[in-house]
Amino acid sequence: MKEDIFVTRPSMPPLEEYVEEIKEIWESHWLTNMGSKYKQFQAELEKMLDVPHIVFYCNGHLALENIIEAMDFPKGGEVITTPFTFASTTHAIVRCGLKPVFCDINDSDYTIDAKKIEALITNKTVAIIPVHVYGNMCDVEAIKAVADKHDLKVIYDAAHAFSVKYKGRSSACFGDASMFSFHATKVFNTIEGGAVSFHDDELVQKLNELKNFGIHGSEEVPYIGGNARINEFCAAMGICNLRHVDEEISKRKTVVERYRSHLKNVAGIKLSPVQADVEPNYAYFPVLFDEAVFGSNRDEVFTKLAENGIYARKYFYPLTNTFDCYKGMFTTDNTHIALEISMKVLTLPLYADLSMDDVDRICEIILLCKK
């Protein structure tokens, strides 16, 4: 009997390597709150991503909330963003007392359509929060031009873009800040975790204090903060996984190339194009199904795969501006492309150790759905 195949599977270092890495924790009894493993991980990642500052968090969502809060935007300010994203992006904006204004995406790489941003700017707009989707980079140059013209902050949701480069520069270098998720399902993980990269020296202390109850020193509490600290065991996992990330991405590339060889010329199937000047991380493999041409819709393909123990994901569906919790607050009037893609997209299983035989079997089942 074949094992079930899920949309992703976490990459892990050899057990012996991780055990060796955490020995120091047993000796020091320093389990959390920016110990030696945190500092080692921070130094290594800042060097790798070529950014002056990285602050780690227990997850990417709280990292995003904290960087938004640290910017001191006026409550009720508007943030231009995309609904074609995970719940975290929109929730973080709303939980920080701001209003998301949804911009449509383009139909090639599914990132925010930079040409449509400026028309949404009002006197209440305070920031733009674009999302690098599936490892595809946003049009960072066009977004910067709009932001500079209107004096707006840009915070990238880069949860999918770890290790991605554009014109030789790390995705961590763009905008005023970038948030990364190190969740177990990501290309690079710390079991659970996240980070913010940025250039402003003045944000270092503030972010470190916001994630630690707003405490400064032992007797001052200048901010209303929370608890979002990453522990030493997660930092140690990050140190280990960082040693193997290039190899992991190379393996994922092999999987993606196999998928493309099977699906690239199939009528009714659309694959995301390879972006110019981008060194990808092969985070996800999205496929769009055009029922009128392919003969089966996305949901039918999803069901057929599941019947065979293969669990793809409708990612991203539904759009965040259609969530029940926002009922009556937003519409999809300005996000028609995002809505259409959300109804057609399926991300196929993709992880470093997915075998070529399994990729072949997945594609065979998909092609059997063609009518």
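**Exercise 1.** In this predicted model, does Lys 149 count as buried or exposed at its relative accessibility?

*Solution.* Lys 149 has a relative accessibility of 60%. The cut-off for exposed is over 50%. Lys 149 therefore counts as exposed.

**Exercise 2.** Identify the salt bridge between Glu 118 and Lys 149, and locate both residues in the chain.

*Solution.* The two side chains meet at 2.8 Å, N to O. This pair links distant parts of the chain, 31 residues apart: Glu 118 lies in the loop between strand 4 (99-102) and strand 5 (125-129), and Lys 149 lies in helix 5 (residues 140-150). Glu 118 has a relative accessible area of 33% and is partly exposed.

**Exercise 3.** Describe the salt bridge of Lys 144 within its helix.

*Solution.* The partner of Lys 144 is Asp 148, at 2.6 Å, N to O. Both residues belong to helix 5, where four residues, about one turn of the helix, separate them.

**Exercise 4.** Which elements does the pair Glu 21 and Arg 243 link, and is Glu 21 buried or exposed?

*Solution.* The side chains of Glu 21 and Arg 243 form a salt bridge of 2.6 Å, N to O. Glu 21 is in helix 1 (residues 15-28) and Arg 243 in helix 7 (residues 232-263), so that distant parts of the chain, 222 residues apart, are linked. Buried requires under 20% relative accessible area; Glu 21, at 9%, is therefore buried. Arg 243, at 47%, is partly exposed.

**Exercise 5.** How many salt bridges does the structure hold, and which residues join Glu 21 and Arg 243 in one network?

*Solution.* The structure holds 22 salt bridges. Through shared partners, Glu 17, Glu 24 and Lys 37 join Glu 21 and Arg 243 in one network.

Terms used. Residues are numbered from 1 along each chain as its sequence is written. This is a predicted model: local features need pLDDT of at least 70, side-chain atom pairs count only at pLDDT 80 or more; totals for chains, interfaces and linings use all residues. Side-chain values use heavy atoms; hydrogens and water are left out. A salt bridge is a side-chain nitrogen of Lys or Arg within 4 Å of a carboxyl oxygen of Asp or Glu. Helices (H or I, at least four residues) and strands (E, at least two) are DSSP runs, numbered from the N terminus. Buried means under 20% relative accessible area, exposed over 50%, partly exposed in between (1.4 Å probe, protein chains only).
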